[in-house]
Amino acid sequence: IELETITDVPSKPQAIETPNLRLILDHSQTSKDFARPDSYIKYCEPDWDDVVEYDADSDDEEFSLSSGVLLDHIEAVMDALEKESFRWQFQSVQETEEASVEDVPCCICQERDSQEGDLIVFCDGCNIPVHQSCYGIPQLPKGQWLCSICQDRTNGPKVDPTFSSFEELGAILPPLDDYGIEEFEEPVGSTPSQKNYTCRLCNRSGGAMKPTTSPSEWVHVLCALWIPNVSFVNQATLEPVHVPVQTFSTGRMALECVVCHLANGGCIQCKHRNCLVAFHPTCARVNKQHLAMQNVKSRVVFSAYCFE
């Protein structure tokens, strides 16, 4: 039936079909084979996996004639494929809802909460989640956002550092395997890079990293915070990281990590009195040791403890 756009009434009333009614006087004809039970009638859904709901169309009929495949077989196969596709899509939606942004913690501070101006953002290159303040992102760029390593891989623009500084922040890395750079996929249009993105202080890769003042050297945010004398040149963008010469003093170079057994100058010692156990901050994080951040007289004090 054609309807007029404005009045929304039939443009041709004569085109409306006349309804046909049939009056049944003998009700016994409709209920001859049915007796109302005393109990409640419950409708049960059939097992649709055993029911072929797909109806073949003209294209299926042509394919059946040209290929010799029975039309019933085509309907059964198409029905199974459509139902499996629906189950897969439904499962994907459920998994996406379960792993929503609100449930994903920042890989630096491990907190799940976010607020306006300090959101948890995901790198469009390696998918690492970080708070804006934890990783030094004063303002989100329009379009995609890349972490410092992915920016360096693609030779993309850096975040404009001309913003006011954030408050001094602490950081705790998740297990490095959770957000490993090794799983990085080059974004579209990028140029593959052969650079070595290994932390200058702990010789580990992966996790939230920042460039240093030395060319082609990188460090973990965790290492930069827990190792004495290491600092951020720009407190707003938290980069580059300044690693002074005294960081690799003779005494610190002699410390051997109890986890990875390397002595490369990036170790710290247990904060407990009279305990001399040494370890890298990232090794302690992977080893699930206690890494503490405390506010003491308007400053943040970072400390770490061994299992003993």
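**View 1. In this predicted model, Lys83 and Asp79 pair up in a salt bridge.** The closest N and O atoms of Lys83 and Asp79 lie 3.0 Å apart. Both residues belong to helix α2, which covers residues 71–98. Because Lys83 and Asp79 are four residues apart in that helix, about one helical turn separates them. Take a look at their surroundings too: Lys83 is buried, and Asp79 is buried as well. The pair also has company, since a network of salt bridges links Glu53, Asp79 and Lys83. For the wider picture, the structure holds five salt bridges.

**View 2. Further along helix α2, a salt bridge brings together the side chains of Glu84 and Arg87.** The N to O distance for this pair is 3.2 Å. Glu84 and Arg87 are three residues apart in helix α2, so they too sit about one helical turn from each other. Are these two partners buried or exposed? Glu84 falls in between, being partly exposed with a relative accessible area of 45%. Arg87 also counts as partly exposed, at 38% relative accessibility. As a general reminder, side chains of opposite charge can pair when their charged atoms come close.

**View 3. Lys210 and Glu239 meet through their side chains in a salt bridge that links distant parts of the chain.** Here the N to O distance is 2.9 Å. Lys210 sits in strand β3 (residues 209–211), while Glu239 lies in the loop between β5 (231–232) and β6 (241–242). In sequence, 29 residues separate the two. Lys210 is buried, with a relative accessible area of 2%. Glu239 has 15% relative accessibility; buried means under 20%, so Glu239 counts as buried.

**View 4. The loop between β5 and β6 holds a cis peptide bond, joining Glu239 and Pro240.** Omega for this bond is about -5°. Glu239 will be familiar from the previous view, where its side chain met that of Lys210 in a salt bridge. Pro240 has its place in the loop between β5 and β6, and Leu238 is found in that loop as well. Leu238 is worth a pause: its phi is near 55°, a positive value in a residue other than glycine. At 6% relative accessibility, Leu238 counts as buried. For context, most residues other than glycine have a negative phi, and most peptide bonds are trans.

**View 5. His261 has a positive phi although it is not a glycine.** The phi value of His261 is about 65°. Which part of the chain holds His261? The residue is found in the loop between α6 (250–253) and β7 (268–269). With 53% relative accessibility, His261 counts as exposed, whereas Leu238, with its own positive phi, is buried.

**View 6. Cysteines without disulfides are the theme here, as the structure holds zero disulfides.** Cys223 is in no disulfide; its nearest cysteine sulfur belongs to Cys199 and is 3.9 Å away. A disulfide calls for two cysteine sulfur atoms within 2.5 Å, so the distance between these sulfurs does not qualify. Cys223 counts as buried, at 0% relative accessibility. Cys267 is in no disulfide either, and the nearest cysteine sulfur, that of Cys257, is 5.0 Å away. Cys267 likewise has 0% relative accessibility and counts as buried.

**View 7. Four acidic residues, Asp57, Asp59, Glu61 and Glu62, gather on the surface in a patch of negative charge.** Where along the chain does Asp57 sit? This residue is found in the segment before α1 (58–67). Asp57 counts as partly exposed, with 36% relative accessibility.

**View 8. Gln139 and Asp118 come within 9.2 Å of each other in space, C-alpha to C-alpha.** In sequence, Gln139 and Asp118 are 21 residues apart. Gln139 lies in the loop between α3 (132–135) and α4 (148–154). Its relative accessible area is 47%, so Gln139 is partly exposed.

Conventions:
Residues numbered from 1 in each chain as written. Predicted model: local features only at pLDDT ≥ 70, side-chain atom pairs only at ≥ 80, totals over all residues. Heavy atoms only, no water. Patch = residues over 30% accessible without salt bridge, like charges linked within 9 Å, V, L, I, M, F, W, Y side chains within 5 Å. Areas by Shrake-Rupley, 256 points an atom, 1.4 Å probe, with all protein chains shown as cover. Lys, Arg positive; Asp, Glu negative; His and termini not counted. Charge placed at Lys NZ, Arg CZ, Asp CG, Glu CD. Buried < 20%, exposed > 50% of the residue type's maximum accessible area, 1.4 Å probe, protein only.
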